[in-house]
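Trainee: I would like to go through this model with you. Where should we begin?

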Number of protein chains: 4
Amino acid sequence: MRIGFVGLGNMGLPMATNLFNGFKNEADFIIYDINQTTTSNFLKDHNTDANNKDKVKVAKSPLEVAKEATVIVTMLPASQHVESVYFGKDGLLEGLGENHLVVDASTIDQSMATRVAKVLQEKGAKAVDAPVSGGTGGAQAGTLTFMVGSRSTEDFDVAKPYLEKMGKNIVYCGTNGNGQVAKICNNMLLGISMIATSETMNLGVRMGMDPKLLAGILNTSSGRCWSSEVYNPCPGVLENSAATRGYTGGFGMPLMAKDLRLAVNAAVDTKSTVMLGALAQQLYNQMAANKEFEHLDFSAAYKWLAENSK
Amino acid sequence: MRIGFVGLGNMGLPMATNLFNGFKNEADFIIYDINQTTTSNFLKDHNTDANNKDKVKVAKSPLEVAKEATVIVTMLPASQHVESVYFGKDGLLEGLGENHLVVDASTIDQSMATRVAKVLQEKGAKAVDAPVSGGTGGAQAGTLTFMVGSRSTEDFDVAKPYLEKMGKNIVYCGTNGNGQVAKICNNMLLGISMIATSETMNLGVRMGMDPKLLAGILNTSSGRCWSSEVYNPCPGVLENSAATRGYTGGFGMPLMAKDLRLAVNAAVDTKSTVMLGALAQQLYNQMAANKEFEHLDFSAAYKWLAENSK
Amino acid sequence: MRIGFVGLGNMGLPMATNLFNGFKNEADFIIYDINQTTTSNFLKDHNTDANNKDKVKVAKSPLEVAKEATVIVTMLPASQHVESVYFGKDGLLEGLGENHLVVDASTIDQSMATRVAKVLQEKGAKAVDAPVSGGTGGAQAGTLTFMVGSRSTEDFDVAKPYLEKMGKNIVYCGTNGNGQVAKICNNMLLGISMIATSETMNLGVRMGMDPKLLAGILNTSSGRCWSSEVYNPCPGVLENSAATRGYTGGFGMPLMAKDLRLAVNAAVDTKSTVMLGALAQQLYNQMAANKEFEHLDFSAAYKWLAENSK
Amino acid sequence: MRIGFVGLGNMGLPMATNLFNGFKNEADFIIYDINQTTTSNFLKDHNTDANNKDKVKVAKSPLEVAKEATVIVTMLPASQHVESVYFGKDGLLEGLGENHLVVDASTIDQSMATRVAKVLQEKGAKAVDAPVSGGTGGAQAGTLTFMVGSRSTEDFDVAKPYLEKMGKNIVYCGTNGNGQVAKICNNMLLGISMIATSETMNLGVRMGMDPKLLAGILNTSSGRCWSSEVYNPCPGVLENSAATRGYTGGFGMPLMAKDLRLAVNAAVDTKSTVMLGALAQQLYNQMAANKEFEHLDFSAAYKWLAENSK
């Protein structure tokens, strides 16, 4: 068996590494990325089996990955990259057939995810969409959550063992495309909640309340949410939060802005109304466009509110 | 000892009843409300001690309450009623002195709460602000949460035994006025979260996802909040939610609109920014102004979104 | 005849000066302000008639103004000051009667304006509300617009000659309180339009378009508004705009924030929905709370948008 | 000379008719639309020259149009249709060369417009983007406004005579793509202004003011805009407005929703902030998704606000 991996960026590289470590006794590997430094480094680091010089191969195109591997994972930044890798010249599609399982872990819009699944299934391949949450930290620790859309629970079961090497929670979300729906919905709610928590903590502090005391009350009341309990955006409230370490690391502004864009476009496409979602999108866009904030964790929404009123 | 209670409305009446039941062996009562039917009914129901015809008295004014009782609880709709009951003609203030403990359980703005406390303390009385959450259900069951602001933890300790007859969680929030801060902050976060959860559930359902499955994923992910877990606004997701029983009962639109108005005004006063809070205020106002929605639980935000797109 | 003027602040001082200059041959004056430097300066500047040492008098209280003058103009910052000057101890009310015409030029909420009118009319006085637009520049030049609410067109006609000395457009808005309604409505629409124009100009410029060309197109199309034509917030588009002179002078952020607060509160009181109005309120609040922007003209909304994306 | 026209929908058909009538003495025509009933009707109506049976021809593909005509106008619903007509199989591109002038009057995103221009210019053709405003009424009357982006003013001058047969104002907006920028910016400002005017008129009416009086005051003050003056959304204020005739005809909700989607996506792409724009987008989306409002003029935002508060 040979396993293929396309897209070894900030998320993909640690995911591929965990997948390699989990299956190195059972499978060989083939990888592809447009950044050749990345792939040659991966080759150098992992192709250490003296008896098998082909343990890891670097492909010249996605097509080559499809020709050599039967299980393929892709992790790409956005819909247009998925289109190019799957359907472009020398793309995956040309090489896929009945023996393939293809997992796309990219976060893209639902329509592209269902289109990929449909086309691949017409060629006989198994296709699942499995976007992740958990960030680069989760990718490195192998503790990602995968939200999985698949044609059937059988397909889900076939994909699961591979996902389990890269993640901790493998969640079945229904039919193809639903992995994206779950991801987009969760992150829209998260994005709104984080700004709501930031507004609330900032208001309370300015009204004279101790932030830890306020957070404690919220977290035992009906205002509590993941953003107030686990990831409180006010510095000092939680010992190990992004906020307390200067909003470094974590989930960056441009990523949240991207996910909210997917949410707002999905809302327009389905004639849904997301007023708070649309406003939150603008606020993350604004922060992502600001030199001081673009590299900070998304919980720096608190810092934005607090500092703009000085 | 005689205990006084001013304001026997939807919330005040069950609170007064629980307080009576908790202290009837130790104290007599005196009550006041502008609605005389209410007070005479209370009198009829509770003045049943043949040996003590004065067990419960109905006062002619707040001042009479202050003259006869040493522990006084007030539960009033808004700041202007507090102003009138405390500082108006024949108001409480004229009769208060060093022996009094006064608990105001009304939800009002912080500045009025601190003004009440200051004036009462100048007369030597103990004053605490203790707004509640839990609704009429919690008031009847005696399971309210009290968010308490007081000059000192000593004052808090003096008030606590009385509050415990009416509520389950008695939370210390710091100095006078902080009870209001905690209440306003919690309810702003709650109000935003409920609309955010409604937008998210509606979006997911329109994208083709099963609502129970979606709620389950959110509730084990970073999008989870009290509104998604305990009070999910999508009918059928939770067996005993307001949504599942047609949005009857619960926490009404006008109450949420009122609390968000307090929040937005507090934000302007403290130069805080609450964009999501201000937008949520408008949405609850709109629903509270609509004949079909004004009597529904605030989680009917979901119904509003779902039906407006048909 | 003696004319009274209460409130000689940034707006009131030039208004009182114009009123004095317009009527100095026909009337004496009496003025009141809590700031005694202001009143003694006015006295020094205008009490120059050797034959009439009492040409201008400084009153010790609003009551004294009411006792001596028959025509009274008040120009105060907010509702609470109106309450105090009219209804407080030694306030105007105690001295008013059938011979008085009282013009309140303050911008306050409708309910306070109608209450003032009602109480004054019960004492027999004529009362009109006449909030202004035009800023300190218009106040100095005597080119203000007065939006006038009065019991009858007769009352309006009585007040008009006095207003014409201070302003250029004297607009009849209907019954008492309607001057406030017109002012609040106009300024809400203005406040939203200015941010909308700023968002539009910023978007167009970032999409690569020349700002003058874009403004020209908008101004001959359906997007045109006063903010794009007369007061374009993009520096350089108009030669004499606040934007072109660094956003100095003009209509300050805190004033727009105040007017929008009146609008949002009026909306809640009347169960109207003002989503864009509420969001605009938050944005002006945010700018008014920021050290760099609080002293700038409200068209600096453009600067806020442009700089936050750098 | 033969003139080609692709896309004879609600807008395209009257535009093509006016172009035909303007040039029938100088040129022959060739048309294409996927709806064959439309093209055969056009043929029947206009191919009436007994001496020239080929006066109007119906093409089998865009490619055939490109092969036969030297001046080509396209009027298509959205970017994906432009992509297909220009770059798809048997598309325009294959047949274009140095002798062609191509005018795309579709409203699409800037990036697609600049891509079309670039590719066409590489083949030697002249390409201009010229989206319109004025609606189907303007299309029929030949009074449209064209906002034109072109490589040079020379190209603009070459295109102008053709546009003048279909419109009244032919506005030069700068380089290729800028026609789209102007259209998107104008309509975003228009869309926001209409909701702002609706909120304002609704607020004023609910505060007790006569709507005509209020509109008159706004229109002579700083709140005035095209939406308040020319297209006031409150029924009865203007005799001939869409509002007064039941919001029939005019500029439909889905069209405004589409233009605001282009605006919001352009804002994200250029890191611009459009908070009011994003909120307005959601509001038009909501109305466009509602059975009662989807077919109404966009000024029915007033009706939405007024009726939702009953």
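Mentor: Start with a term: a polar contact is a pair of N or O atoms within 3.5 Å; within protein, one must be able to donate a hydrogen and the other to accept it, and residues adjacent in sequence count only if both atoms are side-chain atoms. The model is predicted: local features need pLDDT of at least 70, side-chain atom pairs pLDDT 80 or more, while totals for chains, interfaces and linings use all residues. Residues are numbered from 1 along each chain as written, chains are lettered from A and ligands numbered from 1 in written order, and side-chain values use heavy atoms, without hydrogens or water.

Trainee: With which side chain does the side chain of Asn219(C) make a polar contact?

Mentor: Asn219(C) sits in helix α9, residues 211–219 of chain C (a DSSP run of H or I, at least four residues). Leaving out residues up to four places away in sequence, Asn219(C) touches Arg224(C), Ser228(C) and Glu229(C) (contact: heavy atoms within 4.5 Å). The polar contact, at 2.7 Å, is with Ser228(C).

Trainee: What axis relates chain D to chain C?

Mentor: Superpose by least squares on C-alpha atoms of residues with pLDDT of at least 70 in both copies. Chain D then lies on chain C with an RMSD of 0.1 Å, after a turn of 180° and a shift of 0.0 Å along the axis. That relation is a two-fold axis.

Trainee: Which residue of chain D comes closest to the rotation axis?

Mentor: The same surface serves both copies, with 100% of the contact residues of chain D recurring in chain C. By C-alpha, the closest residue of chain D to the axis, at 2.0 Å, is Cys225(D).

Notes:
Helices (H or I, at least four residues) and strands (E, at least two) are DSSP runs, numbered from the N terminus.
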